[in-house]
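User: I'd like to go through this model with you. Can you pull it up?

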Amino acid sequence: MNIQPSTSKTILLTGGLGFIGSHTAVELIAKGYEVVIADNLSNTRIEVLDAIHRVSGVKPAYENVDLSDKATTKVLCAKYNFDGCIHFAAYKAVGESVESPLKYYDNNLSSLVYLLQNFTEQGKSNFIFSSSCTVYGQADEMPITESAPIKPAESPYGNTKQIGEEIILDTVKSTQNFRAIALRYFNPIGAHESAELGELPLGVPMNLVPFITQTAIGIREELKVFGNDYNTPDGTAIRDYIHVVDLAKAHVVALTRLLEKKNQSNYEVFNLGTGKGSSVLEAINAFEKVSGEKLAWKFAPRRDGDVVQAYADTTKANHDLGWKTELTIEDAMRDAWKWERKLAGKGL
Ligand code: UD1
């Protein structure tokens with residue numbers, strides 16, 4: 001698919017200095033888009049802007065704004081003539097959301113509402129929302145299609161994704177010509193192959209791959225594998241691990257689809273995954289294979305709220321978006337390891 005825009009379009013990337021946002025900035029710039037990043041640095045660092053510059057050759061416009069502030073968001077949307085928005089900015093720590101639900105509802109939902117208010121009031125459209133496979137909970141059937149039922153959310157974080165999708169759907173229904181896409185990510189992992197961009201977990205990582213690479217580099221003593229008694233071939237839980245660069249490219253395709261009005265309805269939902277499930281032990285094996293490191297790990301009890309398995313049916317994204325993943329879990333582990341070593345200052 002040729003996704004080179006004919007004229008340069010200005011795209012607002014909220015949370016554009018985060019893990020997925022920064023990789024998406026690079027892919028958008030590569031396709032000729034003008035990128036404006038809005039990020040309040042609540043979960044990342046300003047140095048990521050320079051890294052985007054080094055990788056893409058372009059330093060995007062940057063605004064340090066808190067989108068959960070209504071007046072600030074209005075000023076931002078008045079300052080630029082946005083042709084579209086990819087809304088990544090959100091809190092995403094499941095455990096923290098259980099402890100501080102109002103912090104999550106306030107931040108994740110108010111920013112979304114204010115952005116939508118400004119976009120619709122200005123007659124603007126082309127809105128991409130970062131959603132999550134967490135909306136499916138433990139789906140009854142594998143692989144998971146987009147029509148699988150939405151299960152009651154396990155956490156306030158998950159609920160903000162479900163409610164966010166509903167807010168967007170209602171906005172589409174009530175606003176002529178407002179087009180939006182919700183992208184339900186499975187498990188994004190990896191880093192940019194240049195090792196300029198990657199995940200920057202604050203404190204002890206909750207997600208599997210940062211914990212693996214931090215253990216291998218010596219920051220953590222050992223990885224706990226949560227649960228070995230699941231009803232899966234090796235007893236450990238299964239997820240669909242997608243390389244962040246593949247995921248970033250899907251955003252460019254989805255945005256271009258809206259800008260070119262190729263969407264089939266004004267609100268569409270796509271699963272973004274590889275379609276392949278990997279167990280925790282398979283993920284560890286993939287890491288050990290590409291890194292040549294032996295990982296210290298042991299079995300531990302199941303983690304509260306974890307589903308047994310979740311992997312995507314990618315038929316809709318493959319067919320309608322004309323997008324599919326090109327990188328494997330091994331590519332992702334190799335890049336995540338390169339990134340961890342870069343962070344540790346141990347060279348490449
Ligand atoms: C988690 C969130 C999900 C969110 C996603 C964002 C939960 C229950 N789910 O997904 O809502 O959208 O992050 O990135 O928190 N594991 C270990 N040891 C570890 C860490 C993880 O064995 O130290 C296992 C987990 O039990 C799971 C798998 O690795 O089976 C993946 O875990 P993780 O990376 O945290 O992702 P999810 O839990 O799938």
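User: Which polar backbone atom is 3.4 Å from an oxygen atom of the ligand?
Analyst: That of methionine 206. Keep in mind that this is a predicted model.

User: What about side chains? How far is tyrosine 157 from a ligand oxygen?
Analyst: A polar side-chain atom of tyrosine 157 lies 3.2 Å from an oxygen atom of the ligand. Arginine 239 also takes part: an N or O atom in its side chain is 2.6 Å from a ligand oxygen.

User: And how much of the ligand does the protein bury?
Analyst: The protein buries 87% of the ligand's area. Taken alone, the ligand exposes 740 Å².

User: How many residues surround the ligand, and which are the closest?
Analyst: There are 19 around the ligand. The closest are Leu208, Lys224, Arg239, Arg303 and Asp306.

User: What's the make-up of that shell?
Analyst: Ten nonpolar residues, five polar and four charged.

User: Which element gives the largest share of the shell?
Analyst: Strand S8, residues 223-226. Four shell residues come from S8.

User: Switching to the interior. How many residues are in the largest nonpolar core?
Analyst: The largest nonpolar core has 42 residues. Leu28, Ile52 and Leu272 have the most contacts inside it. Elements that each supply at least two residues include strand S1 (10-14), H1, helix H2 (47-56) and strand S11 (267-272).

User: Which element gives the most to this core?
Analyst: H8, with ten residues.

User: Where's the other core?
Analyst: It lies apart from the largest core and has 23 residues. Val36, Leu67, Leu116 and Ala182 are among them. As a general point, nonpolar side chains tend to be buried together in soluble globular proteins.

User: Back to Leu28. What does leucine 28 touch beyond four places in sequence?
Analyst: Leucine 28 touches Ile11, Leu13, Tyr33, Val35, Ile86, Val252 and Leu255.

User: Now serine 22. Buried or exposed?
Analyst: Serine 22 counts as buried because its relative accessibility is 1%. Serine 22 sits in helix H1, residues 19-30.

User: What does the serine 22 side chain reach?
Analyst: The backbone oxygen of phenylalanine 19, at 3.2 Å. Leaving out residues up to four places away in sequence, serine 22 touches Gly16, Leu17, Val48, Ile52 and Leu197. Ile52 is also among the residues with the most contacts inside the largest core.

User: And glutamine 214, buried or exposed?
Analyst: Buried, since the relative accessible area of glutamine 214 is 8%. Glutamine 214 is part of helix H7, residues 208-217. Outside its neighbours within four places, glutamine 214 is in contact with Pro201, Pro205, Ile219, Arg220 and Glu340.

User: Let's do backbone oddities. Which residues does the cis peptide bond join?
Analyst: Methionine 142 and proline 143, with omega about -10°. Proline 143 is in the loop between strand S5 (127-132) and helix H6 (156-174). For context, most peptide bonds are trans, and most residues other than glycine have a negative phi.

User: What's phi at alanine 195?
Analyst: Near 65°, a positive value in a residue other than glycine. Alanine 195 lies in the loop between strand S7 (187-189) and H7. Alanine 195 is buried because its relative accessible area is 0%.

User: And lysine 261, what's phi there?
Analyst: Positive, about 55°, although lysine 261 is not a glycine. Lysine 261 is placed in the loop between H8 and S11. With a relative accessible area of 58%, lysine 261 is exposed.

User: Last region. Where is threonine 325 found?
Analyst: In the loop between H10 and helix H11 (329-343).

User: Why does threonine 325 count as buried?
Analyst: Because its relative accessibility is 19%, and buried means under 20%.

User: What does threonine 325 touch beyond four places in sequence?
Analyst: Ile242, Asp246, Gly273 and Thr274. Threonine 325 and isoleucine 242 are 83 residues apart in sequence, with C-alpha atoms 7.7 Å apart.

User: And where is leucine 327?
Analyst: Leucine 327 is also in the loop between H10 and H11. Leucine 327 is partly exposed, with a relative accessible area of 27%. Its contacts beyond four places in sequence are His243, Val245 and Asp246. Asp246 is touched by threonine 325 as well.

How values were computed: Residues numbered from 1 in each chain as written. Predicted model: local features only at pLDDT ≥ 70, side-chain atom pairs only at ≥ 80, totals over all residues. Heavy atoms only, no water. Near = heavy atom within 4 Å. Polar contact = N/O pair within 3.5 Å; in protein donor to acceptor, adjacent residues only side chain to side chain. Areas by Shrake-Rupley, 256 points an atom, 1.4 Å probe, with all protein chains shown as cover. Nonpolar A, V, L, I, M, F, W, Y, C, P; charged D, E, K, R; others polar. Buried < 20%, exposed > 50% of the residue type's maximum accessible area, 1.4 Å probe, protein only. Contact = heavy atoms within 4.5 Å. Core = buried A, V, L, I, M, F, W, Y, C linked by side-chain atoms within 4.5 Å.
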